[in-house]
Every structure is written in C-alpha cells, then in structure tokens.
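Trainee: I would like a close look at one part of this structure. Please pick a strand and go through its surroundings step by step.

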Amino acid sequence: MEIALFQPDIAGNVGTTLRTAACFGVPAHIVEPCGFPFSDGALKRAGMDYATRANVRRHADWAAFCDWNAAANLRLVLLTTAGATPLPAFAFAPGDILLLGAESSGVPSHVHEAAAARVAIPMRPGFRSLNVAVAAGIALAEALRQTKGFPS
C-alpha cells in the first residue's frame with residue numbers, strides 16, 4: 001500500500017500524512033508542484049520528527065508520477081468526494097496507491113480518468129469533505145485492514 005498527494009496546498013496536512021505513512025511503514029509520494037515551499041521546516045509542526053523518517057518520493061509533476069507508476073505497475077485508487085464506490089464496499093489490493101487531491105481543488109479531470117478506481121468516504125448528508133490528512137488516514141486504515149497489512 002502507498003499514499004500519494006497530488007499538488008498539496010497545506011504543509012501541515014502533508015506533514016500529518018507523512019507521519020501516518022511513517023508510522024504504518026507505507027511509502028508516500030508527493031506530486032508537485034506544492035502550494036508551499038517543500039522543506040523539513042514546513043512539515044515539522046504536524047509531522048514532528050516522523051516526517052523525516054517517512055519513505056517519500058517526490059515527483060516533479062503528474063507526468064513524472066505517471067512515468068514512475070507505469071514502471072511500478074501499481075493500481076491507482078483516487079479518494080474523491082465524487083467517488084463511484086463507497087469506501088466500505090471497495091476491495092483493496094496490497095499494491096494499491098491511494099491518491100488524494102489538493103485541499104483547495106481536488107484533482108483535475110485527467111487525473112480522475114487516469115485512476116483505476118474512484119472511492120468516496122461516506123459522510124452524513126450536507127457535508128462536503130474531510131480534511132485530506134484525515135481522509136488519508138481513514139482510507140489507509142481500511143486498506144491495511146483488508147489486506148492484512150498493518151505492522152506487527
């Protein structure tokens with residue numbers, strides 16, 4: 001299981017997501033450009049010292065990420081409020097990449113089209129979305145539960 005953030009806007013959310021990735025031993029990807037200067041200092045508050053311990057791969061842009069993923073041959077699962085499959089109904093596989101969009105704008109249509117699956121976290125009516133770092137944690141926990149991938 002892996003996590004990817006598409007052009008994230010908020011350093012604190014990236015730090016929190018990298019901390020989550022480090023704690024669960026899953027690789028993380030940052031698809032740039034970011035909406036902030038990417039640095040240890042920018043990630044420190046939310047990521048604490050965990051962010052520096054995460055296995056992070058930065059990709060210069062969407063095309064570079066797609067090139068990497070074509071070689072890795074991993075299934076891209078987009079977490080989206082416009083998802084077709086509710087999270088509890090989706091069957092994860094160990095080689096999935098959980099892709100989350102930018103906090104302010106999600107992902108563009110060409111990224112939606114590139115995903116093998118689109119998944120939504122069910123919420124009460126009248127609510128638009130969860131914080132991206134919270135959504136990453138929820139989806140990762142469900143994916144690890146299904147694939148028996150939690151660290152021992």
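Mentor: What follows is a walk around strand β6, its partners and the cores.

This is a predicted model, in which local features need pLDDT of at least 70, side-chain atom pairs count only at pLDDT 80 or more, and totals for chains, interfaces and linings use all residues. Residues are numbered from 1 along each chain as its sequence is written, and side-chain values use heavy atoms, with hydrogens and water left out.

Strand β6 covers residues 96-100. Helices (H or I, at least four residues) and strands (E, at least two) are DSSP runs, numbered from the N terminus. Five of the five residues of β6 are buried, so the strand is largely enclosed by the rest of the structure. Buried means under 20% relative accessible area, exposed means over 50%, and partly exposed lies in between (1.4 Å probe, protein chains only). On one side of β6, Asp96, Leu98 and Leu100 are buried; on the other side, Ile97 and Leu99 are buried as well.

Next come the strands beside it. Two strands pair if DSSP finds at least two bridges between them. Strand β1 (residues 2-6) runs parallel to β6 and is joined to it by four bridges. Within β1 and β6, Ile3 stands opposite Leu98. Strand β4 (residues 75-79) also pairs with β6 in the parallel sense, over five bridges. There, Leu78 has Leu99 of β6 as its bridge partner.

The side chains can be followed further. In soluble globular proteins, nonpolar side chains tend to be buried together. A nonpolar core is a set of buried Ala, Val, Leu, Ile, Met, Phe, Trp, Tyr and Cys residues joined through side-chain atoms within 4.5 Å. The largest such core has 30 residues, and Leu98 and Leu100 are among those that touch the most other members, along with Met1, Val26, Leu79, Phe92 and Leu140. Elements that give two or more residues to this core include β1, β4, β6 and α5 (132-147). Helix α5 gives the most, with seven residues. Apart from this core lies another, of 13 residues, among them Ala4, Leu76, Ile97 and Val107.

Val26 shows how the largest core is held in view from one residue. Contact means heavy atoms within 4.5 Å. Leaving aside neighbours within four places in sequence, Val26 is in contact with Met1, Ile3, Ala21, Leu140 and Leu144.

For contrast, take Glu113 in helix α4 (residues 109-114). At 65% relative accessibility, Glu113 counts as exposed. Its C-alpha atom is separated by 16 Å from that of Asp96, 17 residues apart along the chain.
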